[in-house]
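Subject: A structure for you to explore

Hi there,

Here is the structure I promised to pass on to you. Have a look around first, and then read my notes below.

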Amino acid sequence: MSHPEHLVTIASGAKEDEDRRLRERMARIRRRLVVVSGKGGVGKSTAAANLAVALSAHGRRVGLLDAEIHGPSIPKILGCEGASLISDGQSILPAVVRDRLERMSVGFLIANKTDAVIWRGPMKFKVIQQFLSDVAWGDLDYLVVDCPPGTGDEPLSIAQLAGRPAAAVVVTTPQELAVAEVRRCVSFCRKAELGIAGVLENMSGYVCPQCGVHTGLFGAGGGERLAREMAVPFLGQIPIDPRLVGCGDAGTCILDTHPDSPAAQGFVDLARNLDRWQDLWHGSPDEAFVSETEQR
Ligand code: ADP
């Protein structure tokens, strides 16, 4: 079992100091994308990791924070299990995964990956605050946060601490059951005053790699219907692709291994659309960033 003692307090101090550090760190991040889902197993972590990779391939500087305290999966998906926290004495250093992409996971706090983490709400808030304020994220265009499924302490802490502009990407599958959970998720974002980028439908049919025929295995159109019903944008569909499972297990990325696959292209399109979508980032302090995006 992991205990709070495992938490590496690099720069503990008075609350005002902590708040100042958080403000200073977050001021160097232009945009936040918070990836959420109503329930587990819909491909939220897969979407967060691939979206982060696609944004970095698009030329953006990206940080990826895995806030899944109870079951961090980003280290495995990105092939960096077993990494440990490194500090320069002042800050925790994020690991550089590839050009322009760095990541940090609460998983690194857990000594043994089979350990169960039992932390109550205030401790989770504290851990997330520390990951936002004590990790040397540097200047980023995007911080992509992989939240645990549901509407618990972690997404609420992110919504309160990460600053603005921030927008949630709500991941679902086309099944009715998943769609019902997402309604709660969208309403949570509204209550937490977290902007909603929209709904991403994952595992949206199977495209045969041989013949290209599309089969709707888990129903069809649930995400799009839900988006319409909840009056939020529909961000697109990522098909079922067994190669995504292989990549997740091997710690590789489908954007590298099969860049022309519909799944990889889905993440590329998602990243480009989110990046150039001015209305979503309206109020972003850095207008130069938007015009720079428009020139691409
Ligand atoms: P969550 O974060 O919602 O719990 P994960 O991202 O861990 O879900 O994905 C759950 C499983 O589904 C993993 O094995 C992952 O590789 C697989 N998966 C995710 N998206 C797809 C997809 N589009 N096609 C095939 N497998 C997928």
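What follows is a short tour of what was found. Please keep in mind that this is a predicted model.

**Around the ligand**

Let's start with the ligand. Which residues come nearest to it? Of the 18 residues around the ligand, those are Gly-43, Lys-44, Ser-45, Thr-46 and Gly-248. Four elements each give two or more residues to this shell: helix H2 (44-57), strand S9 (195-207), strand S11 (234-240) and helix H8 (242-250). Sorted by class, the shell holds 9 polar, 7 nonpolar and 2 charged residues.

**Strands S9 and S11**

Two of those elements are also partners. S9 and S11 pair in the parallel sense, over 5 bridges. If you would like to find one of these on screen, look for Leu-200, whose bridge partner in S11 is Gly-236. S11 is largely enclosed by the rest of the structure, because 5 of its 7 residues are buried.

**Strand S1 and its two partners**

Next, find strand S1, residues 29-37. How many of its 9 residues are buried? The count is 8, so S1 is mostly covered. S1 is joined by 6 bridges to strand S7 (residues 140-146), and the two run parallel. Arg-31, for example, has Tyr-142 as its bridge partner in S7. Another 6 bridges join S1 to strand S8 (residues 166-172), again running parallel. Here you can look for Ser-37, whose bridge partner in S8 is Val-171.

**A lysine in helix H4**

Now go to Lys-124, which sits in helix H4 (residues 121-134). Is Lys-124 buried or exposed? It has 21 other C-beta atoms within 10 Å, and 20 or more count as buried, so Lys-124 is buried. Try selecting Ser-157 as well: Lys-124 and Ser-157 are 33 residues apart in sequence, and their C-alpha atoms are 8.0 Å apart in space.

**Helix H10**

Last comes helix H10, residues 262-276, where you can check a length for yourself. At 1.5 Å a residue, its 15 residues should span 21 Å, and the end C-alpha atoms are indeed 21 Å apart, so the two values agree. Which residues of H10 are buried? They are Ala-263, Ala-264, Gly-266, Phe-267, Leu-270, Ala-271, Leu-274 and Asp-275. These residues cover an arc of only 160° around the axis, which means that they lie on the same side of H10.

Enjoy exploring, and write back with any questions!

Best wishes

How values were computed: Residues numbered from 1 in each chain as written. Predicted model: local features only at pLDDT ≥ 70, side-chain atom pairs only at ≥ 80, totals over all residues. Near = placed C-beta within 6 Å. Nonpolar A, V, L, I, M, F, W, Y, C, P; charged D, E, K, R; others polar. Buried ≥ 20, exposed ≤ 12 C-beta atoms within 10 Å, placed from the backbone. Pairing = 2+ DSSP bridges. Expected span 1.5 Å × (residues − 1). Arc of directions from axis to C-beta.
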